[in-house]
Structures are given as structure tokens and as C-alpha cells.
Amino acid sequence: EPVDLVEIAVAAADGFQAARSDHPFTLEVEPSSLPLVGDPMRLRQVLDNLLTNAAVHTDPGTPVTLRLRAEPGWAVAEIADGGPGISPENQAKVFDRFYRVDDSRTRGSGGTGLGLSVVHSLVTAHGGAVSLQSQPGATVFTVRLPLSAGQV
Ligand code: ATP
Ligand code: MG
């Protein structure tokens with residue numbers, strides 16, 4: 001029984017906007033549905049963890065965007081923010097368990113450093129992949145998940 005990543009993302013977007021009204025938020029959804037085989041609660045957790053990071057590791061007022069699109073065979077979700085970014089050195093480490101960037105902004109946010117390792121595990125368990133592009137002012141986490149058979 002496929003689940004629809006569009007439905008999951010719309011719910012995650014609603015939750016984000018309710019909880020994080022200090023961040024301008026945009027949801028950009030091109031396809032009407034993205035059917036996947038997977039656990040909807042865990043896919044929601046993937047989006048929630050990435051959206052929460054985009055809010056708590058940036059200043060209030062920093063724009064956050066959730067984009068969904070289809071590539072042949074794949075559902076693609078991008079979580080983007082206009083925050084300070086993650087240095088190239090730290091980009092290699094942020095998916096490690098308990099790794100947190102050692103700066104005042106991260107220390108103040110009080111997390112455990114598990115969120116991205118959970119994202120990586122859950123996306124991999126669904127047959128997908130997560131990647132990161134970041135520079136000051138533009139950070140994008142890209143999640144690719146296989147569309148269910150017969151969908152393109
Ligand atoms: P947790 O998610 O367990 O509550 P956390 O957010 O600190 O804690 P991760 O989600 O694993 O842990 O993120 C690891 C580190 O990567 C963060 O501590 C932060 O330094 C950095 N980071 C993650 N997302 C962003 C982002 N969007 N912008 C800037 N830094 C980020
Ligand atoms: Mg986190």
C-alpha cells in the first residue's frame with residue numbers, strides 16, 4: 001500500500017508553520033502525488049527533523065522552503081534555508097551520531113546531535129539517499145526516495 005509523500009509533506013508544512021511562525025515559510029509542490037512504499041510516520045519524522053533544523057540553527061526571520069518534485073523513478077524533497085550554512089569541514093560530519101557544530105548558535109539550541117543521523121538511517125532504510133549543499137545564506141538538504149513501482 002503506497003503512501004503519498006505530497007500528503008505527508010503538506011502535513012509537515014502545516015505543523016512547521018504552526019510551530020515556527022518566526023520563520024517565513026514556503027511550500028512548493030509540483031506533482032499532485034508522489035506514491036512511495038514506506039512508513040508515513042517515519043517519513044514525516046525525516047521532514048520534521050530537517051525543517052526543525054532549518055528553524056533552530058538559523059536566526060528568527062530566516063526563510064525556510066520545502067520543495068517537492070519528481071525525477072524519473074524518484075520523489076525528491078528539498079528543505080532549504082537562508083541561514084549561516086554549514087562549513088565544508090562540518091558538512092562531512094553532521095550526519096554522524098551526536099555530532100554538533102561547535103559554535104555559539106548550535107550550543108544555544110540544546111539538541112542532542114541525533115536528528116540528522118536518524119534522517120540518514122530512515123532515508124537509507126527506505127531505499128533512498130540524503131545529501132547536503134551549503135554555503136553562507138543557502139543550505140539545502142535533498143532527500144531522494146524511490147517512487148513505488150509503476151510510477152515515474
Ligand atoms: P537534534 O536534532 O538531535 O535535536 P541537532 O539539531 O543539534 O540536535 P542534528 O539535527 O543531527 O542535531 O544536526 C547536527 C548539527 O548540524 C547541528 O547541531 C547544527 O550544528 C548543524 N545543522 C543542522 N542543520 C543545519 C542548518 N539547516 N543550518 C545550519 N546548521 C545546521
Ligand atoms: Mg536537529
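Two residues are in contact if their C-beta atoms, placed from the backbone, lie within 7 Å. In this predicted model, contacts between residues at least 6 apart in sequence join, in 70% of cases, residues at least 24 apart.

**Figure 1. Overall fold of the predicted protein model.** The protein contains five helices and seven strands. Followed along the sequence, these elements give the pattern β-α-β-β-α-β-β-α-α-α-β-β. Along the principal axes, the C-alpha atoms fill a box of roughly 50 × 30 × 25 Å. The radius of gyration is 15 Å, which agrees with the value near 15 Å that a compact globule of 152 residues would have. Of the 152 residues, 29% count as buried.

**Figure 2. Helix H2 and the elements that cover its buried residues.** Helix H2 covers residues 40–56. Its 17 residues, at 1.5 Å a residue, should span 24 Å, and this agrees with the 24 Å between its end C-alpha atoms. Buried positions in H2 are Leu43, Val46, Leu47, Asn49, Leu50, Leu51, Asn53, Ala54 and Ala55. An α-helix has 3.6 residues a turn, so residues three or four places apart point the same way. The cover over the buried residues of H2 includes helices H1 (5–19) and H5, together with strands S1 (3–4), S4 (64–71), S5 (74–81) and S7 (138–146).

**Figure 3. The largest nonpolar core of the protein.** This core has 31 residues, of which Leu5, Ala9, Leu47, Leu50, Leu51, Ala77 and Ile79 touch the most other members. At least two residues each are supplied by H1, H2, S4, S5, H5 and S7. H2 gives the largest share, with seven residues. In soluble globular proteins, nonpolar side chains tend to be buried together.

**Figure 4. Surroundings of Ala9.** Ala9 is among the core residues that touch the most other members. When its neighbours within four places in sequence are left aside, Ala9 is in contact with Val29, Leu47, Leu66, Leu68 and Ala77. Of these partners, Leu47 is also one of the buried residues of H2.

**Figure 5. The shell around ligand 1.** The ligand is surrounded by 21 residues, and those that come nearest are Asn53, Val101, Gly111, Gly115 and Leu116. By class, the shell consists of seven nonpolar, 12 polar and two charged residues. Helix H2 and helix H5 (115–125) each supply at least two residues of this shell. Asn53, which is buried in H2, thus links this view with that of Figure 2.

Key
Residues numbered from 1 in each chain as written. Chains lettered and ligands numbered in written order. Predicted model: local features only at pLDDT ≥ 70, side-chain atom pairs only at ≥ 80, totals over all residues. Near = placed C-beta within 6 Å. Helix = DSSP H or I, 4+ residues; strand = E, 2+ residues; numbered from the N terminus. Nonpolar A, V, L, I, M, F, W, Y, C, P; charged D, E, K, R; others polar. Rg over C-alpha atoms; globule rule 2.2 N^0.38 Å. Buried ≥ 20, exposed ≤ 12 C-beta atoms within 10 Å, placed from the backbone. Expected span 1.5 Å × (residues − 1). Core = buried A, V, L, I, M, F, W, Y, C linked by C-beta atoms within 7 Å.
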